[in-house]
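Welcome! Here is a short guided tour to read alongside the sequence and the 3D view.

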Amino acid sequence: MEQTTTNYQLDEATRRFISGPQGFYERYVKMLAYYETNEQAYEATERQYCEVVGRNRFTCFQSFKTAYSQFCRRRRPRAK
């Protein structure tokens, strides 16, 4: 699989933003526009996170998908 890397340095605001859970997920959504697959967008987001924090946030794409699904369910407005 070919790895695409970002050609720019993350600014300080983005570095702070991506280090939080919500920021990681929102960055992933933003990266979807630049990559062909969800997994490629995840890997790019994970690389950026690792650049900031020094370790991966998730062990694999599957664990990310599970956590992201739970995150989306919690944010969904409840039906009355």
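## A first look

Of the 80 residues of the protein chain, 29% count as buried. Please keep in mind that this is a predicted model. The chain has four helices and zero strands, so there is a simple order to follow, because from the N terminus on the elements run α-α-α-α. The surface that the protein chain exposes comes to about 5800 Å², and carbon and sulfur atoms supply 48% of it.

How do contacts relate to distance along the sequence? Among contacts between residues at least 6 apart in sequence, 48% join residues at least 24 apart.

## Where two helices meet

Let us turn to helix α2 (residues 21-31) and helix α4 (residues 61-75), which pack at an angle of about 100° with their axes 11 Å apart. That angle makes α2 roughly perpendicular to α4, since angles of 65 to 115 degrees count as such. By class, eight nonpolar, one polar and two charged residues make up the contact of α2 with α4.

Which residues take part? From α2 come Gln-22, Phe-24, Tyr-25, Glu-26, Tyr-28 and Val-29, and they meet Phe-64, Ala-67, Tyr-68, Phe-71 and Arg-75 in α4.

Helix α2 also has a set of buried residues: Gly-23, Phe-24, Tyr-25, Arg-27, Tyr-28 and Met-31. What covers them includes α1 (12-18), α3 and α4. Phe-24, Tyr-25 and Tyr-28 are thus worth finding in the 3D view, as they are listed among the buried residues of α2 and also among those that meet α4.

## The nonpolar core

The largest nonpolar core has 14 residues, and those that touch the most other members are Phe-24, Tyr-25, Tyr-42, Phe-58 and Phe-64. Helices α2, α3 and α4 each supply at least two residues of this core.

Phe-64 is a good residue to start from, and it is found in helix α4. Is Phe-64 buried or exposed? Phe-64 counts as buried because its relative accessible area is 1%, and the cut-off for buried is under 20%. Not counting residues up to four places away in sequence, Phe-64 touches Phe-24, Tyr-25, Tyr-28, Tyr-42 and Phe-58.

## Three more residues to visit

Gly-23 lies in helix α2. With a relative accessible area of 4%, Gly-23 is buried. If residues up to four places away in sequence are not counted, Gly-23 touches Phe-17 and Ile-18.

Tyr-49 has its place in helix α3. This tyrosine is buried too, with a relative accessible area of 2%. Which residues is Tyr-49 in contact with, leaving aside its neighbours within four places in sequence? They are Ile-18, Ser-19, Phe-24, Gly-54, Arg-55, Asn-56 and Arg-57.

Cys-50 is in helix α3 (residues 38-53). Is Cys-50 buried or partly exposed? Cys-50 is partly exposed, because its relative accessible area is 29%, which falls between the cut-offs of 20% and 50%. Leaving aside neighbours within four places in sequence, Cys-50 is in contact with Arg-55 and Asn-56. Those two residues also appear among the contacts of Tyr-49.

## Apart in sequence, and in space

The table pairs each of the four residues with a partner from elsewhere in the sequence, with distances taken C-alpha to C-alpha.

| Pair | Apart in sequence | Apart in space, C-alpha to C-alpha |
|---|---|---|
| Gly-23 and Tyr-49 | 26 residues | 9.9 Å |
| Tyr-49 and Gly-20 | 29 residues | 9.5 Å |
| Cys-50 and Ser-19 | 31 residues | 9.1 Å |
| Phe-64 and Glu-46 | 18 residues | 9.8 Å |

Try finding these pairs in the 3D view. Gly-23 in helix α2 and Tyr-49 in helix α3 are a good place to begin: they are 26 residues apart in sequence and 9.9 Å apart in space, C-alpha to C-alpha.

Technical notes: Residues numbered from 1 in each chain as written. Predicted model: local features only at pLDDT ≥ 70, side-chain atom pairs only at ≥ 80, totals over all residues. Heavy atoms only, no water. Buried < 20%, exposed > 50% of the residue type's maximum accessible area, 1.4 Å probe, protein only. Contact = heavy atoms within 4.5 Å. Axes fitted to C-alpha atoms, helices over the stretch in contact; angles between N-to-C directions. Parallel < 35°, antiparallel > 145°, perpendicular 65-115°, else oblique. Nonpolar A, V, L, I, M, F, W, Y, C, P; charged D, E, K, R; others polar. Areas by Shrake-Rupley, 256 points an atom, 1.4 Å probe, with all protein chains shown as cover. Core = buried A, V, L, I, M, F, W, Y, C linked by side-chain atoms within 4.5 Å.
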